[in-house]
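Please read the following report alongside the sequence and the coordinates. It takes up strand pairing, the nonpolar core, one pocket and one loop residue in turn.

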Amino acid sequence: MDRRDFIRNALAASGALLVPATFCGEAHADEVSEVLVRITKARADLKTLVGPFEQERTIGLLATAVKSAGEMTLVRPDRLRWELLPPDAVTYWVGPEGFSFATPRGAASVGKAAAGRFGAVLGDLMILMGGDLEKLRARYDISIPSKKDGITLRALPRAEDVKKHVKRLEMRLGQELWTISEVTIEEQGGDQSVIRFGKQKRDVPVDPAKMTPPKS
């Protein structure tokens, strides 16, 4: 074998080694696309979603867990009411106009830009739980770590405004692909919130006043 044949064979072998990696990347993208299409179809006619949840927030520096219970009310396409029951007794609203909250001591409204570390991810959480998931792909790397008993989506931030606050978003859907079993928010500082949902009711009537925050 002369030198030219050796180089040609070496280049051919190198090319062959690269094909599987490229193929795997394309296969991964195709799997994510296929799963997002399935979820989109399952959500297509969804109008409202209401259900209880239990939230456990682990504070990394203190190694302690704070538990809360509440109710989620999602009105598609763009309204979320997140109520924490006593002793927390605080309700949050997310909508096109921004972010609001109310406690027994009063209420306040702020735009998304003024919502601090939560402002960058509020809209993304809305999309994750009930919106068009394709819109997240420009801001997150999405993978499918599990298909057991439904679908698990993992979203790792690419957008700098999210990346500096959030390390990972993860959502586990039930087999129907419109019910939400669990949502995990892992923050860059080490804190983590795990939200486990109970039985959810689909398309129940929701009083518009319930989705409107009180005036501050």
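The sections below describe a predicted model, beginning with its strands.

## Pairing around strand E1

Strand E1, which covers residues 48-59, pairs with strand E2 (residues 64-75) in the antiparallel sense, and twelve bridges join the two. Within this pairing, Glu56 stands opposite Lys67 of E2.

E1 is also paired with strand E11 (residues 192-197), again in the antiparallel sense, through six bridges, and here Gln55 has Ile195 as its bridge partner in E11. A further antiparallel pairing, over two bridges, links E1 to strand E12, which consists of residues 201-202; in this case Leu49 is partnered by Arg202 of E12.

## From strand E7 to strand E10

Strand E7 (residues 140-146) runs antiparallel to E8, to which five bridges join it, and Ser146 has Thr152 as its bridge partner in E8. The two strands form a hairpin with four residues between them, in which Asp149 adopts a positive phi near 55 degrees.

E8, comprising residues 151-157, is joined in turn to E9 by five bridges, with the strands running antiparallel, and Ile151 finds its bridge partner in Leu173 of E9. Seven bridges then connect E9 with strand E10 (residues 180-187), also in antiparallel fashion, and Leu169 lies opposite Ile185 of E10. E9 and E10 make a hairpin with six residues between them, and Leu177, in the turn, has a positive phi of about 70 degrees. Strand E9 itself, residues 166-173, is mostly covered, since six of its eight residues are buried.

## The largest nonpolar core

The largest nonpolar core of the model contains 44 residues, and those with the most contacts inside it are Met72, Trp82, Met129, Leu153, Leu169, Ile180 and Phe197. Helix H2, residues 119-130, contributes the largest share of this core, namely seven residues. In soluble globular proteins, nonpolar side chains tend to be buried together.

Which residues does Trp82 contact, once its neighbours within four places in sequence are left aside? They are Phe53, Gln55, Glu71, Met72, Val90, Thr91, Tyr92, Met129, Ile195 and Phe197. Among these contacts of Trp82 are Gln55 and Ile195, the two residues that are bridge partners between E1 and E11. Met72, Met129 and Phe197, which also touch Trp82, appear with Trp82 among the residues that have the most contacts inside the core.

## The second largest pocket

The second largest pocket has a volume of about 170 Å³. Twelve residues line this pocket, and Pro77, Asp78, Gly123, Met126 and Ile127 are the ones that lie nearest its centre. By class, the lining is made up of five nonpolar, three polar and four charged residues.

Which element gives the most to this lining? It is H2, with three residues, while strand E4 (90-95) and H2 each supply at least two. Helix H2 thus takes part in the pocket lining as well as in the largest nonpolar core.

## Gly198 in the loop between E11 and E12

Gly198 is located in the loop that lies between E11 and E12. Is this residue buried, partly exposed or exposed? Gly198 counts as partly exposed because its relative accessibility is 31%, a value that falls between the limits of 20% for buried and 50% for exposed.

Gly198 and Val50 are 148 residues apart in sequence, and their C-alpha atoms are 9.7 Å apart in space. The strands on either side of this loop, E11 and E12, are both paired with E1, the strand of residues 48-59.

Key
Residues numbered from 1 in each chain as written. Predicted model: local features only at pLDDT ≥ 70, side-chain atom pairs only at ≥ 80, totals over all residues. Heavy atoms only, no water. Core = buried A, V, L, I, M, F, W, Y, C linked by side-chain atoms within 4.5 Å. Buried < 20%, exposed > 50% of the residue type's maximum accessible area, 1.4 Å probe, protein only. Contact = heavy atoms within 4.5 Å. 1 Å grid on protein atoms, 1.4 Å probe; cavity = no way out; pocket = protein on both sides within 12 Å on 5 of 7 lines; lining within 4 Å. Points joined across faces, edges and corners; volume = space filled by probe spheres on them. Nonpolar A, V, L, I, M, F, W, Y, C, P; charged D, E, K, R; others polar. Pairing = 2+ DSSP bridges.
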